[in-house]
Each structure stands twice: as structure tokens, then as C-alpha cells.
Amino acid sequence: MTPGRPVPPPLGKPLLLNDETPSADPSDAPTLAAAYGTPTLAAAYGTPTLAAAYGATSAESGLVPLTVARRAPKEDDVEIEIDFCGLCHSDVHATRGEWGAQSYPLIPGHEIVGRVRSVGSAVDDFAPGDLVGVGCLVDSCRECESCLKGLEQYCERGNVGTYGVKDARNGDSITQGGYSTSVVVDRRFVLRVPEGLDPAAVAPLLCAGITTYSPLRYFDVDEGNVVGVVGLGGLGHMAVKIAKAMGAQVVVFTTSDAKIDAARELGADEVILSKDPEAMEGADRTIDVIIDTVAAPHDLNPYFRTLRLEGALFQLGLPSSAMPPVSPGALIRRRLSYAGSLIGGIAETQEMLDFCAEHGVVSDVEVVTARQLNEAYDRMVAGDVKYRFVLDTKTLQPASEKADV
């Protein structure tokens, strides 16, 4: 393993935030302003498209039918007809206001798969009919050191998430996500989905897949390495599949006896009950890298003892409250690394999709209808899903004649 592999190439030359919007005739704006929210952009680029959607109107509303105005494609834009959108646990946190104040109405969804409907005049790398995806990002500053290294997820000015974030290149409108029948995204943040994979099962790769792939690639995991996976949910099951496809031996740590058989079905070579002190002691100094997907507070020190010299533990789960303290001695005695990792850049996400296509890796999913979304959210919170929910957007109601968002 060689930590710190070369990063993927950047998106391309930077674009200036303030020079992207052509001047507009203000007299055209009133007829479009209510639907668009940004009269200058509406007048400059044409009438937006109204799309059916589901979203939250408050932290307590649950998910309800909405209609969203999608901007007319600009020169570098791709208009996508959405077929499927994965449900991520972060969608629950965001719509319920558990991660701080939100701008409502809010349409979640950042695991989007669909077909290109139309492209802007400057787009030559996508064409109508192409199978494409959109993940957690729809823009970044494109100029900072991170962006120029192809690490847009760490944009130093703040990346633009697929929903719930101000979009500086589009009049500071709030981005709205993929629980919708369509979306318009700059071509630099559109991903090519390899044909031949189940598009519904591909959707969670755009979040859970890249979130687990990125640290494994950063540590250059390959045949002969031993990868530990803590937790066997949406992230954990993808970590098992991807690590196995990379040729690694995979050890799953779980607190649940009920997940032993499930872990083996996914390809785990060994399953260790982390609540069993003897089993944990038997794993001492056997693991090269651990992918920790648990989002609840838990003690990491027992896992550090399972790592070999110069091993690493990557924290992917984001607990809502403080974790027990890490013992510095555990790190010092074996030169261990304790690190975090956030999704992946656009080039690396494309690399992940191509890798998964080559090895036949997709997520295990349960497809739900729009009317089942609130039930699916409750089941996610209860851990009652194996392993990811995906919305079939064909089940959304028709768009109304007036936009709610």
C-alpha cells in the first residue's frame, strides 16, 4: 500500500463566477420571475421547465408533492431526465433540519441516474440519450488548490452541493435535488454511467460507492491487503464489495449476530463480533486499513489494536455527538493513521463508476415509489433496509402549472 496516490486530473480551466451570466432585458423578467426566482437569469436564458418532485416544506412536514422550476440549459449545461434517485441517510438529516437551519421548500437527492434530454451549445461530451449520473456536487469554485488538483469535494471556497446550497453561478438560487423528474447540471459535474449495469442499483454508487472507494484508492488497496469494515449498512456493504473487487481480504466488524451471514453473502472473508473481547484480541495486528462507517458514537481504540504497523483507520460515519477519546499511545506505538474522507472528486467518481462496471459491482437496493418515501425514511432511521432505498421517479405525480420552488 502506498498512501497518498496521485490525485485525478482537474475539471478544466477555471471559470469566473461573475462573468458567466449574459446581460438581460429586464422587461422580459416579470413573466418568469415567479417560477425562476432569479429574473436576470430567466430573461437571459429562457423559460424554465417545471418538473414534478417530492420534498419538505418544513422540518416537520415530511416529504410532500412539489413542483420545481429547472433553469433552461445554458451553454455548458446538460438537462437530464431522471429515472432513479437513491435515498441517503443525509437526506433525512437535511429535510428534518437535524443538521442546522435549512431553506425550505427543500428537494433532497444526490444519487441521480437518468438520460440526457438536451445539452447546451458548448457541450460536446454528452448527447441526448446518454445514460448519466449526478452525485453530491454540482459545482465548485474551480480555481482553488483543491479544485485544480481534482479534489472538488474539498473546495476551499465551499463546493456547491446538489441540494440545499446557494449556487453562485446561477443567481444564488438554492440547489434542489434528485427526487424529481428532471435536473439541469453543468457538464463538468455530469458523470457517464456505463451501460449494462442496473441503473437503479447504480444510483447509490454516486454517494455510498464513491465515499468508500476514495479512501481505499487513496491507500492503494490491492491483492494481499486486509481491509476491515466497521458496520454493515449502506456504506459498509459497498466497502465490502469494492474492497473485494480490488482483491483484498475483507474482515467485517459488527455488533450484531444477525449480520454475520449477511456479511458473508456480500463476500466478507471473516466476520468478527466487536462486542466479543476474545474475538477482538484474536484480530490483533491483522488489518491493513479499516473503513469505519458507523454514524453513532463508539470507542475506536479496540479497532486500532487490530491494525498492523503503519495501518490506517478512515472515519466515514459522522456521529451526532462526541466520540470516546482516542488513546495517542495506540497511534504512536505502530505509526498508525486516523483519517477522515469525504466522497470524491468528479474524475475519481468517474473512475469509480468505470471500476464498478468492470467488476460488476452495484449496490443492493429496494426500489420505492414516491408515496413510500416517508415510510422509507422511517425505515432508514430504524435500520430496516438491505441496504439502500432508491426512488423510481416515474411514480412522481405530474408537475403542476406553477412552481413551488
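Which residue's side chain meets that of Arg117 in a salt bridge? In this predicted model, the partner is Glu79, with an N to O distance of 3.2 Å. The contact joins distant parts of the chain: Arg117 belongs to strand E4 (residues 112-119) and Glu79 to strand E3 (residues 77-87), 38 residues apart. The two ends are set in unlike surroundings. Glu79 counts as buried because its relative accessibility is 8%, whereas Arg117, at 33%, counts as partly exposed.

A second pair lies in loops. Glu143 and Arg157 form a salt bridge through their side chains at 2.7 Å, N to O. Glu143 sits in the loop between strand E6 (137-139) and helix H4 (145-148), while Arg157 sits in the loop between H4 and strand E7 (160-161), 14 residues apart. Arg157 is exposed, with a relative accessible area of 56%; Glu143, at 27% relative accessibility, is partly exposed.

Further along the chain, Asp284 and Arg334 meet in a salt bridge of 3.0 Å, N to O. Here, too, loops supply both residues: Asp284 comes from the one between helix H9 (277-282) and strand E15 (287-292), and Arg334 from the one between helix H11 (328-332) and strand E17 (337-340), 50 residues apart. Arg334 has a relative accessibility of 11% and therefore counts as buried, since the limit for that class is under 20%. Asp284, at 34%, counts as partly exposed.

Salt bridges also link residues into a network, which comprises Asp76, Asp125, Asp139, Arg142, Arg169, Asp186, Arg187 and Arg188. In total, the model contains 29 salt bridges.

Methods
Residues numbered from 1 in each chain as written. Predicted model: local features only at pLDDT ≥ 70, side-chain atom pairs only at ≥ 80, totals over all residues. Heavy atoms only, no water. Salt bridge = Lys/Arg side-chain N within 4 Å of Asp/Glu carboxyl O. Helix = DSSP H or I, 4+ residues; strand = E, 2+ residues; numbered from the N terminus. Buried < 20%, exposed > 50% of the residue type's maximum accessible area, 1.4 Å probe, protein only.
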